[in-house]
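Reader: Could you take me through one part of this model in some detail? I would like to hear about its aromatic rings and how they sit together.

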Amino acid sequence: MLALGERPFFQPMDEKSDAEALCDWESEGGASSHLREKPKAGSLMQALTYLGPGKRALKAKPKPLIQAATDAIVRVTATTICGTDLHILKGDVPTVTAGRILGHEGVGIIEEVGASVSNFKLGAHVLISCITSCGKCTNCKKGMYSHCENGGGWILGNIIDGTQAEYVRIPYADNSLYPIPAGADEEALVMLSDILPTGFECGVLNGRVKPGDTVAIVGAGPIGLAALLTAQFYAPAEIIVIDGDKNRLEVSTRFGATKVVSSTDGKAVEEVMALTGNRGVDVAIEAVGLPGSFDTCQRIVAAGGHIANIGVHGKPVQLNLDKLWSHNITLTTGLVDTFTTPMLLKTVVSRKLQPEQLITHHFTLNDVMKAYDTFADAMNQRALKVIITNA
């Protein structure tokens with residue numbers, strides 16, 4: 001997702017484009033008076049709305065309308081809450097302004113398409129990607145969809161209204177939606193909107209996990225568990241999961257961790273070093289987004305190893321180059337590009353990967369405030385991913 005404080009670059013185009021439409025999109029209600037008519041009676045919807053740091057509410061908002069020829073309107077049937085949404089509520093993501101509908105994950109049914117949408121028809125069952133992509137700019141052609149130069153990237157629930165609502169507008173629909181095969185588990189596929197490609201791309205692939213490696217995942221939340229599930233594609237010899245939540249460590253063991261380490265006593269680094277014969281780990285994946293978890297990674301990485309940062313950081317961290325300058329490590333950061341979504345979709349449909357294991361709670365949109373309370377109190381509620389459905 002976007003670096004903190006960063007806004008997408010909008011490239012001028014000859015005709016009215018998504019990029020220009022996004023610039024015109026107003027935060028309150030996602031409405032722009034010269035682009036769309038005033039809401040008609042009955043055109044309101046329910047949506048989880050960010051009201052500023054620490055404030056959220058389920059509010060009536062205008063149902064989105066087509067703004068550009070490449071748009072689609074999707075009736076959201078199931079969505080979820082991401083750890084990034086909690087970072088937003090803490091004020092860690094300044095691009096998100098008061099009045100924004102949150103959410104960047106979900107599945108649904110297409111209700112309307114713009115004139116230029118060719119890959120999808122009305123009634124199509126689709127997976128919504130957390131990343132919006134024009135598919136044509138220089139970065140998109142390199143597969144770096146998170147930095148789409150024509151107003152894409154992580155925009156849903158960030159700089160345009162998101163998926164925790166009855167309906168959502170999807171710019172560049174042909175490149176930002178995926179067809180759901182008949183009979184597929186809809187709830188499992190919600191995990192493909194963000195956490196599975198994020199854990200896989202930003203953790204496993206950036207960390208260059210390979211057969212025989214010793215891997216440590218710092219943080220056993222949904223993203224860390226997604227990295228755990230997908231790291232096993234590459235047959236590492238050991239996967240050590242570090243977390244302060246006993247339940248999540250137990251889940252990690254069920255999901256394939258070979259060893260788990262509690263961080264509650266402040267001795268996680270010493271324990272990992274003892275487990276590795278004081279060598280350290282080949283790959284350290286940061287899946288929390290806190291200075292302490294990043295510091296753990298740089299203290300346990302072996303010479304020649306990789307630190308792969310996934311977490312959304314709202315505060316600076318200290319990079320100990322006085323110790324690492326000669327350590328031959330590789331440090332990677334990144335926003336998910338979702339280029340692996342088609343492959344992951346195949347593995348889920350074939351049941352080689354079963355991300356529905358991550359789902360612990362179910363709510364309706366009417367109970368979305370309770371869903372947030374549950375997700376934010378994950379340790380006491382034993383929560384991983386929650387599913388929010390529209391009646």
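Author: Happily; here is a walk through the aromatic pairs and the residues that form them. Please keep in mind that this is a predicted model.

The structure holds two aromatic pairs. In one of them, the ring centres of Phe200 and Phe233 are 5.5 Å apart and the planes meet at 80°, so this pair is edge-to-face. Phe200 belongs to helix H6 (residues 195-205), while Phe233 sits in the loop between helix H7 (222-231) and strand S9 (238-243), so the contact ties together parts that are 33 residues apart in sequence.

The surroundings of these two residues are worth a look too. Phe200 is buried, with a relative accessible area of 2%, whereas Phe233 is partly exposed at 34%.

Phe200 also pairs with Tyr234: their ring centres lie 6.3 Å apart with planes at 15°, and because planes under 30 degrees apart count as stacked, this pair is stacked. Here again distant parts of the chain are linked, from Phe200 in helix H6 to Tyr234 in the loop between H7 and S9, 34 residues apart. Tyr234 has a relative accessibility of 29%, which means that Tyr234 counts as partly exposed.

Put together, the ring pairs link Phe200, Phe233 and Tyr234 into a cluster, with Phe200 taking part in both the edge-to-face pair and the stacked pair.

There is one further ring to mention, this time with a charge: Lys63 lies over the face of Tyr167, 4.2 Å from the ring centre.

Key:
Residues are numbered from 1 along each chain as its sequence is written. This is a predicted model: local features need pLDDT of at least 70, side-chain atom pairs count only at pLDDT 80 or more; totals for chains, interfaces and linings use all residues. Side-chain values use heavy atoms; hydrogens and water are left out. Rings of Phe, Tyr and Trp (its six-membered ring) pair if their centres lie within 6.5 Å; planes under 30 degrees apart count as stacked, over 60 as edge-to-face and the rest as tilted. Helices (H or I, at least four residues) and strands (E, at least two) are DSSP runs, numbered from the N terminus. Buried means under 20% relative accessible area, exposed over 50%, partly exposed in between (1.4 Å probe, protein chains only). A charge sits over a ring if NZ of Lys or CZ of Arg is within 6 Å of the ring centre and within 35 degrees of the ring normal.
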